[in-house]
Amino acid sequence: MSHAKQGRPEAPSTLEIRNLKRDYTLRSGFARTTLHAVSDVSFTLEPGRTVALVGESGSGKSTVARIISRLENATGGQVLLDGVQAPNRGRALERYRSKVQMVFQDPFASLNPFHTILHHVERPLKIHNPHLSKKEITARAHELLERVQLTPSSRYADRRPHELSGGQRQRVAIARALAPGATYIVADEPVSMLDVSIRLGVLNLLADLQRSEGLGVLYITHDLATARHFSDEIMVMYRGAIVERGEPDSVILNPQHEYTRTLLDAAADPDRLGQLKAEVRAEGSFR
Amino acid sequence: MADNTSPEVPVRTGPTPTSTLAAIRIAKTDRTRRPLPRISGKLLTGIIIVVVISLFGILAPFFVQDPRFSGNDALLPPGDGHILGTTKLGYDVFAQLAWGTRGSLFVGVVAGGLALLLAILFGVLAGYFGGVLDEVLTLITNIMLVIPGLPLVMVIAAYVQHTEGLGAFARSSLLVAIVLGITGWAGSAVVLRATAKSLRMRDYVAAARVAGEKPLRVIFVEILPNLVPLLAAQLIFGVIFAILGEAGLSYLGLGPTGSITLGTMLNDAQTGQAVGSQAWWWFVPPGALIALLGTGLSLINFAIDEVVNPKLRLAPQAARNQRKARRAGRSVSENGAIA
Ligand SMILES: Nc1ncnc2c1ncn2[C@@H]1O[C@H](COP(=O)(O)OP(=O)(O)OP(=O)(O)O)[C@@H](O)[C@H]1O
Ligand SMILES: [Mg+2]
């Protein structure tokens, strides 16, 4: 469970993505074309490690995320949780989801406008802990809200998403992802829709939780700077395939692939770098 | 040190300018903030008409004479004792009107509700699940859609009314309501299917699935609540369709002859040659009530439509702005002329 320290299973857990492939068939009139959104992606997530997946728009990052969280089926390849093929339905899928969760890109879209904040956190708690009483569920939901720094939780519990700021909404989304007691979190550009000034706060929260819970995080982003700061490994994705991977520093300081260099060049701007450094210092050291 | 300049936002998919995204966002939150339509003149008029008629239909029958009491003089014009006169058979028209309103409302609500249920069943399930289920359900919907409505209702109504062994049920308003409900859902189903299909792609639906919600719960707890304005519009549309349909059927003699509705009143008036004997008090009140009820419900529907479809809401505002601008322009030019 997310709120308490929990012993990890003896055999080291892994979430392995092997030769993932996803084609989309595009139809326009009678013509059909095949789009290879993801052509060959392999990597492994482990508890306690953050892996960054970087790439330009349309390179297939979200598709990978959606396949890992079983929102979509792969055309080929495998997703293996502790060596077992990720299921598609039924109780097995429910168990898989209690281990693998996702934080969506747009907190303005990923919370249901109709439901309260408490509902969003209580539901996954209830689904994955059917034996708990209603009181315990509510208590745990409040604990989770406090964990994502929505304090005091009672101030937020009964509000609806539109009454919260983008950063606060994304914290709710993170609490919801933690609720089932997940070991792996896929965070698909978790801060790209947020105001620049609050991005670091949310990323620091994710990093804190990652460390204290020993989570395995797949951090999807466009932003090489935060990828370098927050991850143990960077993978660069280009047109559906991973073209470069390695230690953050080596990928960024000594890029091997042409595309990585282009990304870095496109991002080069000393002004903003200085600004980010200052922000990082202001937020305190996080790694 | 890594050096990513551009924050992640400007590199978003495609050429959509951020300002449009922001506008969409605002429109969205705006809608969630006001789940009910703002009280406009249209809505208020509609609500008043419908509430008054409904109260009349619900309460008045308790206070009037037995609508089938034929001891009164026949064809009395409106006057003392009988505010709306009497029919050829000596029934009190006001009593008939009270009961008829109740009967019509009953048919409307039952048929509208049934049609909405069927529309949800066919439309939302098809849109949400897609695949083979979608193909089958959409096929059925399309078949229902292309069969012309009233003739179908007439055939079914005529058929069931002559089925042996139904007894009083064969001529009851409940049966007519069921027939109208079963034939009147297809249009709504098409609308609901399209909406469910687009909502299925929403992040909050995906997030609910990732959280572990089961499909039916996703539909009924995550999707349907956000469709309430649309469902309300469809329900009202169904009620209008049913009330008018019942009136039409009754006029043709296929209505619930065992009960009293506004439609059966018109039918009685027609067979009793009310027009020929110039007994206007017999057919004008039910006709006017049907028209009013239809108007009131339509007004409410328009108001809801404006909420569901923000473009419509902005339309009158744009017209107003234009008018204002024109007026301002004129006054400026007038001032100019004076100066
Ligand atoms: N349901 C779909 N049907 C058809 N094509 C799709 C679908 N989903 C994604 N694609 C296509 O697959 C490609 C990869 O999309 P994806 O969303 O994974 O990119 P991304 O790397 O997440 O981009 P971004 O950084 O903009 O989020 C794109 O070309 C996209 O148009
Ligand atoms: Mg994406």
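1. In chain B of this predicted model, B:Gly212 comes directly after helix α8(B) and has a positive phi, near 110 degrees. Helix α8(B) itself spans residues 203–211, and nine of its nine residues are buried, so the helix is largely enclosed by the rest of the structure. The buried residues of α8(B) include the charged positions B:Asp203 and B:Arg209, together with B:Tyr204, B:Val205 and B:Val210. The alanines B:Ala206, B:Ala207, B:Ala208 and B:Ala211 are also buried.

2. B:Ala208 of α8(B) also serves as a reference point for distance along chain B. The C-alpha atoms of B:Ala208 and B:Gly248 are separated by 46 Å, with these positions 40 residues apart along the chain. B:Gly248 belongs to helix α10 of chain B, which covers residues 228–251. With a relative accessibility of 25%, B:Gly248 counts as partly exposed, because a residue is called buried under 20% and exposed over 50%. B:Ala208, in contrast, is buried.

3. A salt bridge links B:Arg217 to B:Glu213, with 3.3 Å between the closest N and O atoms. The two partners fall into separate classes of burial: B:Glu213 is buried, at a relative accessible area of 7%, whereas B:Arg217 is partly exposed, at 29%.

4. As to overall make-up, chain B holds 13 helices and zero strands. Its elements, read along the sequence, follow the pattern α-α-α-α-α-α-α-α-α-α-α-α-α. Of its 339 residues, 45% count as buried.

5. Helix α2 of chain B, residues 41–59, should be examined together with helix α12 of chain B, residues 280–308. Two packed helices are described by the angle between their axes and the distance between the axes. For this pair, the axes come within 8 Å and cross at roughly 140 degrees. The helices α2(B) and α12(B) are therefore oblique to each other, since only angles over 145 degrees count as roughly antiparallel. The crossing of α2(B) past α12(B) is left-handed.

6. Helix α2(B) also contains B:Leu44, which is partly exposed at 43% relative accessibility. B:Leu44 contributes to a nonpolar surface patch of about 1,100 Å². Other members of this patch are B:Ile39, B:Ile47, B:Ile48, B:Val51, B:Val52, B:Leu55, B:Ile58, B:Leu59, B:Phe62 and B:Phe63.

7. Over all chains, the count comes to 13 salt bridges. One of the pairs in chain A joins the side chains of A:Glu16 and A:Arg18, at 3.1 Å from N to O. Both residues are partly exposed: A:Glu16 has a relative accessible area of 23%, and A:Arg18 has a relative accessibility of 34%.

8. A further salt bridge brings together the side chains of A:Glu72 and A:Arg22, at 3.2 Å from N to O. A:Glu72 sits in the loop between α1 (61–68) and β4 (76–81) of chain A, and A:Arg22 in strand β1 (residues 15–28) of chain A, so this pair ties together parts that are 50 residues apart in sequence. A:Glu72 and A:Arg22 are both buried.

Technical notes: Residues are numbered from 1 along each chain as its sequence is written. Chains are lettered from A and ligands numbered from 1 in the order in which they are written. This is a predicted model: local features need pLDDT of at least 70, side-chain atom pairs count only at pLDDT 80 or more; totals for chains, interfaces and linings use all residues. Side-chain values use heavy atoms; hydrogens and water are left out. Patches are made of residues with over 30% relative accessible area and no salt bridge: like charges are joined within 9 Å, nonpolar side chains (Val, Leu, Ile, Met, Phe, Trp, Tyr) within 5 Å. Accessible areas come from the Shrake-Rupley method with a 1.4 Å probe; for residues, only the protein chains shown count as cover. A salt bridge is a side-chain nitrogen of Lys or Arg within 4 Å of a carboxyl oxygen of Asp or Glu. Helices (H or I, at least four residues) and strands (E, at least two) are DSSP runs, numbered from the N terminus. Buried means under 20% relative accessible area, exposed over 50%, partly exposed in between (1.4 Å probe, protein chains only). Axes are lines fitted to C-alpha atoms, for helices over the stretch in contact, and angles run from 0 to 180 degrees between N-to-C directions. Angles under 35 degrees count as roughly parallel, over 145 as roughly antiparallel, 65 to 115 as roughly perpendicular and the rest as oblique. A crossing is left-handed if the near helix is turned anticlockwise from the far one by less than a right angle, and right-handed if clockwise.
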